[in-house]
Amino acid sequence: MENKSIFLCGVVEGFYGRPWSMEQRRVLFQWMQKWDLNTYLYGPKDDLKHRLLWRELYTTDEEVQVRTLISEAEARGLCFVYALSPGQDVIFSSSCDLSLLKRKLKQVAELGCKAFAILFDDIDHSMCQADSEAFSSFAHAQVSVTNELYSFLGEPPVFLFCPTEYCDSLCSPSVAKSPYLLTIGEDLLPGISVIWTGSKVISRELSADSLSEVRSVLQRPPMLWDNLHANDYDSRRVFLGPFKGRPPGLHGHLRGLLLNPNCEFEANYIPLHTLGTWHQYSNEDKKDDAGEYCSERALNTALLDWMEELNQPLLPGRQVRTSRASHTSESTADGSKTVDPKPPQTPSEPPQKDSTAPDSPSEPQRPEGNQETPTSFCSNGDHALQGDNQASTRSPLEKPKGRGLCAGKNPLSESQVRLLVGLHYLPHEYGPAAKSLLQNLTWLKANCQYVSANGNKKKALPQKVEEWRCRAGQFLTSCDQVVYLHEGVVNSVNRAVLYDLYPYVWDLRNTLLVAKAFISWLEGRVLSDSSSSGSWKNCFQWCGTTSGSELLGVEAEPWAFKGGLCGEMQLLLPLGTTPELFIHPPPLFPSARLYNIRPFHSKDKVELYRMVRQLHQRSRGQPDLSVIHPDFFGDRCLGAALALCPEYSFVLEDELGVCGCVLGILDVRHFAKRWQASWLPAMRDKYPPQAPGSSGHGGLKEALQCFQEEQPDYPDSLLFHFPSQLRLDALPELVDCSVSRSLLTALLTALKANGSRGVFCEVQPMDQLRMEFLTKLGFLEILRVEASAREGLVLGRLL
């Protein structure tokens with residue numbers, strides 16, 4: 001590293017969020033040595049003494065950690081670059097601050113560090129009054145301090161400077177005419193390398209021409225800080241795809257390239273592996289007959305190597321890689337085993353679970369009842385779709401033998417890993433699986449008039465109807481594959497990868513549960529344009545017509561459209577403009593239980609009645625009517641909606657059967673008339689009132705009296721804004737309550753698609769069990785509670 005001509009290629013730990021642990025960095029150094037990467041820059045934004053408390057020296061204990069990190073990097077042949085970010089509050093003209101900067105860097109230099117970086121990114125351009133009086137410009141202030149530090153450290157061979165204008169889009173008015181950059185190029189000492197990120201903060205591609213312009217202005221080849229795989233700007237995205245969009249010929253235009261990767265350490269295997277391949281192909285001494293660097297070929301090689309890594313039994317928080325031969329922990333150069341000390345000023349990590357403890361709480365067996373064979377995930381119950389799902393040969397509710405909940409003993413298959421990477425590819429590009437999901441959902445939405453509820457089916461072309469059903473079957477099968485991927489990740493032998501990637505796979509699984517339920521619901525249930533009560537294409541602009549990338553343009557930064565694949569899937573659903581419905585913290589204990597959300601079928605009535613009966617039996621103060629009238633609670637709570645508007649009912653099921661349901665009423669006014677005319681008389685005949693002198697429990701008489709009383713009308717002022725109603729029920733042992741939120745969202749998409757602009761849910765004050773469940777679900781938050789004169793009324797707008 002003493003040679004200034006060496007191309008610096010490696011990793012920058014410079015993201016916002018919890019820094020990596022010492023043990024993770026050891027594994028990183030091992031990877032880098034194996035893949036011929038040569039530089040590591042330490043600069044995590046959330047290390048307090050790197051950025052916020054940069055003036056403070058490291059304590060004695062922290063010095064040990066820094067010294068150990070530097071020595072281990074050098075033992076692997078890596079250049080360790082220590083970065084400091086004082087730009088938020090440094091006073092450039094202050095001799096005191098300058099002395100503190102020198103003191104801090106001198107401390108790190110005495111610990112063995114020979115390469116440094118001073119970072120002024122992501123800060124305000126304005127200067128305090130003292131600096132304005134001392135310097136002619138912001139650039140002059142930064143250059144003055146940087147040159148002083150560079151000289152103080154003895155002009156080290158590697159000294160990096162990150163400007164405040166660090167990409168084309170941040171330059172004013174342009175790269176070539178930026179007074180700030182021109183000052184940097186003219187006045188910064190020639191031995192200092194300038195960091196650059198490309199045309200954008202996160203550049204889709206880089207070209208030699210654009211870098212030539214930057215090089216001319218800076219009067220030196222820039223040092224590329226590549227944010228291609230950075231994900232700290234979006235909590236719902238992670239990038240597992242290959243290093244691409246940077247031709248190997250860029251080496252001649254750069255001082256080096258450092259990849260700022262995912263915050264989740266385990267997510268960076270393929271990005272760093274392919275970066276190493278890119279670097280090797282760019283090295284003239286290592287070129288072979290394989291030709292130029294190919295990202296797809298590099299991805300295939302990295303993916304196969306990652307398969308071996310995924311098959312290692314690693315524990316969360318303990319990144320100890322066991323040797324295939326000896327299965328012993330990694331040792332240092334002197335033969336002593338490595339330890340896992342805390343990194344300097346790293347935010348405290350939550351305590352890890354005992355490795356012998358189960359990954360999820362025990363889930364009780366479902367009480368016995370009349371259980372029917374679960375419906376396949378790939379079927380919405382309609383014969384048309386059943387015939388188009390040949391790709392799914394087993395019911396998704398049938399778990400493979402020997403695979404218990406969160407068993408943690410099974411490796412992921414190659415097809416599952418490829419699917420995982422394809423669904424979480426790159427910030428500007430989706431993998432094949434993600435593209436297929438978006439294309440099919442877009443097509444099904446745009447052509448649903450062929451299978452609408454009130455369309456002219458005689459004029460509909462049979463081939464179009466068949467094509468819609470075939471595409472629907474393909475989409476449902478793809479959704480099932482993601483459900484199985486979620487199960488595979490939870491049950492994987494590598495627990496370290498599980499806890500890094502689980503939130504993303506879990507989020508996508510929940511989004512696709514809603515999308516799948518909606519597509520299953522579309523056929524024969526959505527109203528066409530000819531409907532007077534609702535319209536597919538004009539109900540409050542219910543969904544988007546373009547993708548997020550098309551909406552924002554190719555040149556937009558990835559964070560301009562949140563959510564990635566999940567966000568685009570939501571944009572194509574009726575409630576795509578209500579993102580809070582889809583965002584929910586992942587469960588503390590990952591569960592591999594398989595879930596399915598689908599439209600209600602008549603055969604589900606027995607199971608739903610049984611579930612509601614169980615819920616009421618567990619409630620306090622409820623009379624036991626199950627012996628005398630086993631259908632009473634089902635008729636009272638669910639019967640009317642299932643009989644009069646079953647098209648707005650959805651069922652939640654797991655491997656044990658039905659475990660939840662949500663029932664909706666599109667038009668409460670119209671429903672009330674039908675209820676009075678047909679349902680109420682039938683119930684009065686079925687449950688006649690007991691004579692005043694007859695024997696029986698008082699609660700029983702009071703309960704049966706509910707069908708004899710007239711129900712109060714809802715005010716017009718309520719129904720004008722909230723014409724729809726819903727009821728949500730689920731078994732209390734449901735561990736992942738986010739699945740119930742997905743169930744709720746599936747109904748809301750159906751109501752919105754057919755023209756509803758508001759929904760309400762009535763919760764009786766005495767119904768404590770349901771109130772607790774809805775509160776746990778977040779129902780009171782996601783539906784935007786509004787004041788109402790009616791007690792226990794929860795309102796939500798769908799506009």
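Trainee: Why is Asp716 called exposed?
Mentor: This is a predicted model, so the value is computed from it. Asp716 has 54% relative accessibility. Exposed means over 50%, so Asp716 counts as exposed.

Trainee: What makes Arg669 partly exposed?
Mentor: Arg669 has 38% relative accessibility. The class in between runs from 20% to 50%, so Arg669 counts as partly exposed.

Trainee: How do you know that Asp716 forms a salt bridge with Arg669?
Mentor: The closest N and O atoms are 3.5 Å apart. The cut-off is within 4 Å, so the pair counts as a salt bridge. Asp716 lies in helix α21 and Arg669 in helix α19, so the pair ties together parts 47 residues apart in sequence.

Trainee: Why can such side chains pair at all?
Mentor: Opposite charges can pair when the charged atoms come close.

Trainee: How many salt bridges does a search of the whole structure find?
Mentor: The search finds 23 salt bridges. One of them joins the side chains of Lys102 and Glu148, at 2.8 Å from N to O. Lys102 sits in helix α3 and Glu148 in helix α5, so this pair ties together parts 46 residues apart in sequence.

Trainee: Is Lys102 buried or exposed?
Mentor: Lys102 has a relative accessible area of 18%. Buried means under 20%, so Lys102 is buried. Its partner Glu148, at 36%, counts as partly exposed.

Trainee: What makes Asp507 and Arg236 a salt bridge?
Mentor: Their side chains meet at 2.8 Å, N to O. That is within 4 Å, so the rule is met. Asp507 is in helix α14, while Arg236 is in the loop between β7 and β8, 271 residues apart. Asp507 is buried at 8%. Arg236 is buried too, at 13%.

Trainee: Which residues are linked with Glu23 in a network of salt bridges?
Mentor: Arg26 and Glu72 are linked with Glu23 in that network.

Trainee: Now the cysteines. Why is Cys162 without a disulfide bond to Cys167?
Mentor: Cys167 holds the closest cysteine sulfur, 9.7 Å from that of Cys162. A disulfide needs sulfur atoms within 2.5 Å, so this pair is too far for a bond. Cys661 fails too: its closest cysteine sulfur, in Cys637, is 9.5 Å away. The disulfide count comes to zero. Cys162 is buried at 3%, and Cys661 is buried at 0%.

Trainee: What makes Ser649 buried?
Mentor: Ser649 has a relative accessible area of 1%. The limit is under 20%, so Ser649 is buried. Ser649 belongs to strand β10, where six of six residues are buried. Ser649, Val651 and Glu653 point one way from β10, and Phe650, Leu652 and Asp654 point the other way. Beyond its sequence neighbours, Ser649 touches residues including Arg598, Leu642 and Val662.

Trainee: What makes β10 a partner of β9 and of β11?
Mentor: Pairing takes at least two bridges. β9 and β10 have four, in the antiparallel sense. β10 and β11 have six, also antiparallel. Glu653 takes part in both: it bridges Asn596 and Val658 in β11. β10 and β11 form a hairpin with two residues between them.

Trainee: Why does Pro587 count as buried?
Mentor: Pro587 has 17% relative accessibility. That is under 20%, so Pro587 counts as buried. Pro587 is in the loop between α16 and β9. Leaving aside neighbours within four places, Pro587 is in contact with Tyr502, Trp506 and Asp736. Pro587 and Trp506 are 81 residues apart in sequence, and 9.3 Å apart from C-alpha to C-alpha.

Notes: Residues are numbered from 1 along each chain as its sequence is written. This is a predicted model: local features need pLDDT of at least 70, side-chain atom pairs count only at pLDDT 80 or more; totals for chains, interfaces and linings use all residues. Side-chain values use heavy atoms; hydrogens and water are left out. Buried means under 20% relative accessible area, exposed over 50%, partly exposed in between (1.4 Å probe, protein chains only). Contact means heavy atoms within 4.5 Å.
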